[in-house]
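Reader: I want the labels justified, value against cut-off. Take me through them.

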Amino acid sequence: MSSGALSQKLFATAREMIPGGVNSPVRAFRNVGGEPFFVRRAKGSRIEDVDGKTYIDYIGSWGPNILGHAPTVVTNTIHEVAKDGVSFGIPNPFEVEMARTVTDWVPSVEKVRMCNSGTEATMSAIRLARGFTGRDLIVKFDGCYHGHSDSLLVAAGSGALTHGEPDSAGVPADFARNTVVLPYNSPEALEALFAEKGECIAAVIVESYPANAGFVLPQAGYLDLLSSLTKKHGSLLIFDEVMTGFRLGKAGVQGLENITPDLSCFGKVIGGGLPVGAFGGRAEVMDQLAPDGPVYQAGTLSGNPLAMAAGLAQLKELDKASGYPRLEQLGAHFENGLRTLLSEKGVPHRINRVGSMFCLFFTDREIVNVEDVMKQDLEFFRKFFWGCLDKGIYLAPSPYETGFLSLAHTEADLDDTLGVFDEVLGSI
Ligand SMILES: *Cc1c(COP(=O)(O)O)cnc(C)c1O
């Protein structure tokens with residue numbers, strides 16, 4: 001299976017000048033073998049590649065495009081706002097409106113600081129947590145992705161409670177030493193660590209619903225335990241809602257699960273497709289940030305008017321269009337169809353879905369943590385991926401990614417997709 005002639009040519013040229021030919025690794029299709037296609041344009045639920053082939057898209061730019069591609073409300077806003085300037089480096093009114101929207105929609109956030117990516121948001125949140133508590137130790141979970149800053153690029157072996165080993169060359173072991181990695185969904189591991197080191201732990205950072213190594217849901221009571229243990233030991237709970245924030249509801253997972261984290265991180269949907277991140281939480285903690293407090297954090301383009309306006313346009317439209325109930329309706333339609341199809345075909349599967357986020361696992365094993373995710377049938381997934389791509393369905397080029405629906409998807413899109421799945425499964 002290969003991409004079209006123009007895509008192949010562009011990729012060959014790109015590889016001469018861009019490491020791996022891509023500006024973010026997963027785009028290189030390494031998990032499925034083969035080469036990526038290049039996109040010419042995208043609208044609604046569809047992407048068109050440079051060779052003129054169209055696909056129904058289930059990635060939505062890896063999360064941001066919850067209204068679909070190039071929604072008129074966002075593109076018109078960008079055109080209008082750009083006429084008055086694209087960056088000032090001086091406060092602009094959109095920043096205030098964005099802060100008002102975030103603090104209104106997410107009750108745990110009393111104050112918020114804008115930045116330019118999810119990575120910046122989580123990196124800054126852990127620095128703030130360390131500054132606020134005067135402690136160094138950060139706890140994260142195996143398989144949770146929080147961007148690519150040094151302290152968080154540690155995933156370590158699963159199972160026992162282990163001190164972190166860096167997950168990337170170039171991360172000093174001394175940094176990783178201050179990050180403890182625990183298996184996800186293990187109350188015992190959490191309790192043991194807090195019993196031993198509770199007073200050294202600055203923060204626990206968790207993907208509100210882990211969605212970067214498959215899509216894994218917390219077991220009953222797990223998030224409550226996280227919340228009560230951190231509170232009891234004076235550690236902060238950081239909810240990384242970069243993927244789930246403004247996607248699963250106005251208040252993200254914390255709203256669905258009724259949890260009040262100390263700090264929350266956002267990205268993706270909040271930027272309307274432009275590069276935006278944000279972190280916020282209790283005023284007492286946020287006030288430790290410069291210029292009021294001793295924790296330094298800054299950004300030349302942070303709060304950029306174009307990005308703020310695009311994000312606001314997207315959030316307002318979501319609200320106005322009753323986006324969340326509609327996305328749940330679409331998600332349920334897709335999930336039901338998928339379950340029926342896979343059962344009829346006798347294909348072992350697990351489906352995890354909440355609202356517009358879904359993940360299909362080719363396994364009959366219950367998916368509780370990253371170990372389970374790694375045990376799926378990779379070869380089967382590869383064949384499924386290429387079969388679907390060939391027939392115009394673009395799924396994430398890795399079995400470890402979550403799929404996304406948008407408000408631009410229709411029941412007809414989903415049914416067409418299920419029809420393709422049916423054909424492809426019949427041919428594997
Ligand atoms: C995407 C993601 C990040 C990183 O965001 P970038 O904008 O890619 O830096 C962090 N945390 C989670 C949960 C994410 O899904």
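**Labels and cut-offs**

Author: Start with one pair: Val204 has Leu237 as its bridge partner in β9. This is a predicted model, where local features need pLDDT of at least 70, side-chain atom pairs count only at pLDDT 80 or more, and totals for chains, interfaces and linings use all residues. Residues are numbered from 1 along each chain as its sequence is written, and side-chain values use heavy atoms, with hydrogens and water left out.

Reader: How do you know that β8 and β9 pair?

Author: Two strands pair if DSSP finds at least two bridges between them. Strand β8 (residues 201-207) and β9 have five bridges, in the parallel sense. So the pairing rule of at least two is met. Strands here are DSSP runs of E, at least two residues, and helices are runs of H or I, at least four, numbered from the N terminus.

Reader: What makes β9 largely enclosed?

Author: Buried means under 20% relative accessible area, exposed over 50%, partly exposed in between (1.4 Å probe, protein chains only). Five of the five residues of strand β9 (residues 236-240) are buried, so the rest of the structure largely encloses the strand. Leu236, Ile238 and Asp240 cover one side. Leu237 and Phe239 are on the other.

Reader: Why are β1 and β14 called edges?

Author: The open sheet has four strands in the order β1-β2-β3-β14, with mixed pairing. β1 (39-43) and β14 (393-394) each have a single partner strand, so one side of each has no neighbour in the sheet. Strand β3 (residues 54-57) runs parallel to β14, and two bridges join them. Asp57 stands opposite Tyr394 in β14.

Reader: Why is the contact of Asp413 with Arg46 called a salt bridge?

Author: The term requires a side-chain nitrogen of Lys or Arg within 4 Å of a carboxyl oxygen of Asp or Glu. Here N to O is 2.3 Å. It qualifies. Asp413 lies in helix α14 (residues 411-427) and Arg46 in strand β2 (residues 46-49), so the pair ties together parts 367 residues apart in sequence. Asp413 is buried at 5%, while Arg46 is partly exposed at 35%.

Reader: What makes Glu196 exposed?

Author: Its relative accessibility is 51%, and the exposed label needs over 50%. Its salt-bridge partner is Lys197, with the closest N and O atoms 3.4 Å apart. Lys197 has 21% and counts as partly exposed.

Reader: How do you know that Arg353 is buried?

Author: Its relative accessible area is 18%, and buried means under 20%. Arg353 also meets Glu328 in a salt bridge (3.1 Å, N to O). Arg353 sits in strand β12 (residues 350-354) and Glu328 in helix α11 (residues 323-345), so the pair links parts 25 residues apart in sequence. Shared partners join Glu328, Glu335, Arg339 and Arg353 into one network of salt bridges.

Reader: What makes the ligand's link to Thr119 a polar contact?

Author: A polar contact is a pair of N or O atoms within 3.5 Å; within protein, one must be able to donate a hydrogen and the other to accept it, and residues adjacent in sequence count only if both atoms are side-chain atoms. A polar side-chain atom of Thr119 lies 2.6 Å from a ligand oxygen. An N or O atom in the side chain of Asn212 is 3.1 Å from an oxygen atom of the ligand. For Tyr145, a backbone N or O atom is 3.3 Å from a ligand nitrogen.
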